[in-house]
Amino acid sequence: MATEYVKNQPKFDYDYSKFNGRRKELNYTDDAFAKDMGIAPPTFSQKINNISEFKQSEMIKAMELMQEPLDNLRLFFFCHKTSENQSN
């Protein structure tokens, strides 16, 4: 039953512009950030391009790397793309 629930949920595209902006402020390239997270650059690319999803442990690691408190996690990982903020 749980699988059916997940299957039938609408897929949201997330807006990672704040996430990408913060990484750039810290002079992180995508490849360097992926390496520090312990994942392959192509995998990281899939995640920031809404092809696959971030795991909870990956979100926590990313927040540590960006020197951001976990209280701000929703600002970086849970903003849905809208017609107002959609860039792609």
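**Notebook: helix α5 and its surroundings**

Entry 1. I began with Met 37, which touches Phe 44, Phe 54, Glu 58, Lys 61, Ala 62 and Leu 65 when residues up to four places away in sequence are not counted. I note here that the model is predicted.

Entry 2. I then looked up where Met 37 belongs. Together with Phe 33 and Asp 36, Met 37 represents α3 in a contact with α5. On the α5 side I found Glu 58, Lys 61, Ala 62 and Leu 65. I recorded the make-up of this contact of α3 with α5 as four nonpolar residues, three charged and no polar.

Entry 3. I turned to the geometry of the pair. The axes of α3 and α5 lie 10 Å apart, and the two helices pack at an angle of about 115°. I noted the crossing of α3 past α5 as right-handed.

Entry 4. Next I asked which residues of helix α5, residues 56-65, are buried. I listed Glu 58, Met 59, Ala 62, Met 63 and Leu 65. Seen down the axis of α5, these buried residues fall within an arc of 160°, so they line one face of the helix. I added a general remark: an α-helix has 3.6 residues a turn, so residues three or four places apart point the same way. On the other side of α5, I found Gln 56, Ser 57 and Glu 64 exposed.

Entry 5. I looked up what the buried residues of α5 pack against, and found α2, α3 (30-37), α4 (41-48) and α6 (73-77). After α5 comes Gln 67, for which I noted a positive phi, near 55°.

Entry 6. I went on to the largest nonpolar core, which has 19 residues. Those with the most contacts inside it are Phe 19, Phe 33, Met 37, Phe 44, Phe 54 and Phe 77. I noted that α3, α4, α5 and α6 each supply at least two residues of this core. The largest share, four residues, comes from α5.

Entry 7. I closed with Arg 23, which has its place in helix α2, residues 17-25. Is Arg 23 buried or exposed? Its relative accessibility is 3%, and buried means under 20%, so I entered Arg 23 as buried. Leaving aside neighbours within four places in sequence, I listed the contacts of Arg 23 as Tyr 28, Thr 29, Asp 30, Phe 33, Phe 44, Ile 48 and Met 66. Among these, I had already met Phe 33 and Phe 44 in the largest nonpolar core.

Technical notes:
Residues numbered from 1 in each chain as written. Predicted model: local features only at pLDDT ≥ 70, side-chain atom pairs only at ≥ 80, totals over all residues. Heavy atoms only, no water. Buried < 20%, exposed > 50% of the residue type's maximum accessible area, 1.4 Å probe, protein only. Contact = heavy atoms within 4.5 Å. Arc of directions from axis to C-beta. Core = buried A, V, L, I, M, F, W, Y, C linked by side-chain atoms within 4.5 Å. Axes fitted to C-alpha atoms, helices over the stretch in contact; angles between N-to-C directions. Left-handed = near helix turned anticlockwise from the far one by under 90°. Nonpolar A, V, L, I, M, F, W, Y, C, P; charged D, E, K, R; others polar.
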